[in-house]
Amino acid sequence: YHAKSRGDHALCWESSLDKHVASRMTLEQDLRQAIDRDQLYLHYQPQLNAEGELLGVEALLRWQHPELGMISPAQFIPLAEETGLIFRLGRFVLEEACAQMVRWQEVGLHMPRMAVNLSARQLTSGYEHEVISVLESQNLSPTRLEVEVTETLLIQDMEGGLAVLNALRELGVRVALDDFGQGYSSLSYLSSLPLDVLKVDRSFVMKMDALAIVDSGNRCPNHQATQLIGAIISLGHSLGHEIVAEGVETEAQFEGLKQLGCDSYQGFLLARPMSADAIVERFMTVS
Ligand code: C2E
Ligand code: MG
Ligand code: MG
Ligand code: MG
């Protein structure tokens, strides 16, 4: 009985492993073809100031898989990085995002800025030339483009990555540190990075309106989280950076962040990532 049950278990485990490996390889093949088959497209999430004015959008990649439906970038971006497909994907994102800026211009919507996420592997030496060629082909000013990089990215390949970021900034492209607070930055490290923007990670913003129970048993807003974000905002400002809050979901967070002097806000409360057409519908003012 024991032997049989163990055997069955092993068999079952093996086949699910096979399935897993197979599906991973299939997914990789599917991703390879996704660009040519028009399954990849961008959504855009607005970034607003405290007055609700549109400062720009962040381009977020979407994959509509024919059988599996929508697959999250959190799943396929790592796969693209491991397989090297990220170079083609990254090129597609940059071209499409810049082309969209021109299309918005043509219908009369002025979009101040476009932010694009970059993977570690894309930031190899000479990458700035790809950016220049795409901007030139769309006749778009570098000052309208922002690139978002993460701390882990910079730790992996300091030298090469930093050189590219410096070159991009010299052109006028803005550099944002994404998901700030998730990584391992020391303060001295942070101050040495060539940055224009700090994006405060959603995990900090989330904690802001978690209720703390104080001595009397009353509940009150979590001051510790609020103070921490306040400190990040002053630090960022003292380094000359603009601060963007990510993942703003509640009025309480929005109000709290405004009081702390945050510059820019992004999150479901203000706007979800949406299609280019939906951006026009929401932000085009008829004059
Ligand atoms: P990210 O760059 O930090 O992008 C923000 C993510 O937070 C997006 O998820 C967005 O939909 C989500 N988000 C925005 N506001 C809220 C909110 O209020 N609440 C919650 N819960 N989530 C919110 P998404 O689109 O699934 O993207 C996930 C990650 O995938 C991105 O995180 C980015 O790291 C990566 N990614 C997306 N597009 C690209 C791309 O074109 N290239 C690269 N290299 N990475 C990308
Ligand atoms: Mg981002
Ligand atoms: Mg982020
Ligand atoms: Mg993130």
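How far does a polar side-chain atom of Asp-179 lie from an oxygen atom of ligand 1? The separation is 3.1 Å. Welcome to this predicted model, in which two magnesium ions share Asp-178 as a bridge and ligand 1 takes up the space of the largest pocket. The points below go through the metals, the ligand and a few individual residues.

**Magnesium ion (ligand 2)**

- Four residues coordinate this ion: Glu-58 through OE, Asn-117 through OD1, Glu-148 through OE and Asp-178 through OD, with distances of 2.0 to 2.2 Å.
- Along the chain, its donors follow the pattern E-x58-N-x30-E-x29-D.
- Asn-117 belongs to strand S4 (residues 114–117) and Glu-148 to strand S5 (residues 145–150), so this pair ties together parts that are 31 residues apart in sequence.
- Asn-117 counts as partly exposed because its relative accessibility is 30%.
- Glu-148, with a relative accessible area of 1%, is buried.

**Magnesium ion (ligand 3)**

- Here the coordinating atoms come from Asp-178 (OD), Asp-179 (OD) and Glu-246, which is listed twice through OE, at 1.9 to 2.8 Å.
- The spacing of these donor residues in sequence reads D-D-x66-E.
- Asp-178 links this ion to the magnesium ion (ligand 2), and the two metals lie 3.8 Å apart.
- The bridging residue Asp-178 is buried, with a relative accessible area of 6%.
- Its neighbour in the pattern, Asp-179, counts as partly exposed at 22% relative accessibility; the cut-off for buried is under 20%, so Asp-179 falls outside that class.

**Ligand 1 and its surroundings**

- There are 22 residues around ligand 1, and those that come nearest are Arg-62, Asn-117, Asp-178, Glu-249 and Phe-268.
- Two of these names are already familiar from the metal site: Asn-117 and Asp-178 also coordinate the magnesium ion (ligand 2).
- A nitrogen atom of ligand 1 is found 3.0 Å from an N or O atom in the side chain of Gln-45.
- An oxygen atom of ligand 1 is placed 3.3 Å from an N or O atom in the Glu-246 side chain, and Glu-246 is also a donor to the magnesium ion (ligand 3).
- On its own, ligand 1 exposes 800 Å², of which the protein buries 81%.
- Strand S2 (54–65), helix H2 (73–83) and strand S6 (174–180) are the elements that give two or more residues to the shell around ligand 1.
- Strand S2 gives the most to that shell, with four residues.

**Gln-45, a contact of ligand 1**

- Gln-45 is located in strand S1 (residues 40–48).
- With a relative accessibility of 8%, Gln-45 counts as buried.
- Besides its atom pair with ligand 1, the Gln-45 side chain makes a polar contact with the side chain of Gln-266, at 2.9 Å.

**Gln-182, in a loop**

- Gln-182 sits in the loop that runs between S6 and helix H7 (187–192).
- A relative accessible area of 55% makes Gln-182 exposed, whereas Gln-45 is buried.
- Gln-182 and Phe-204 are separated by 22 residues in sequence and by 9.2 Å in space, C-alpha to C-alpha.

Definitions and conventions. Residues are numbered from 1 along each chain as its sequence is written. Chains are lettered from A and ligands numbered from 1 in the order in which they are written. This is a predicted model: local features need pLDDT of at least 70, side-chain atom pairs count only at pLDDT 80 or more; totals for chains, interfaces and linings use all residues. Side-chain values use heavy atoms; hydrogens and water are left out. Donors are N, O and S atoms within 2.8 Å of the metal (3.2 Å for Na, K and Ca); water is not among the atoms, so sites may look incomplete. Buried means under 20% relative accessible area, exposed over 50%, partly exposed in between (1.4 Å probe, protein chains only). A residue is near a molecule or strand if one of its heavy atoms lies within 4 Å of it. A polar contact is a pair of N or O atoms within 3.5 Å; within protein, one must be able to donate a hydrogen and the other to accept it, and residues adjacent in sequence count only if both atoms are side-chain atoms. Accessible areas come from the Shrake-Rupley method with a 1.4 Å probe; for residues, only the protein chains shown count as cover. On a 1 Å grid over the protein atoms alone, a cavity is a set of points where a 1.4 Å probe fits but cannot get out, and a pocket is an open set with protein on both sides within 12 Å along at least five of seven lines; lining residues have an atom within 4 Å of a point. A molecule sits in a cavity or pocket if more than half of its atoms lie within 2 Å of its grid points.
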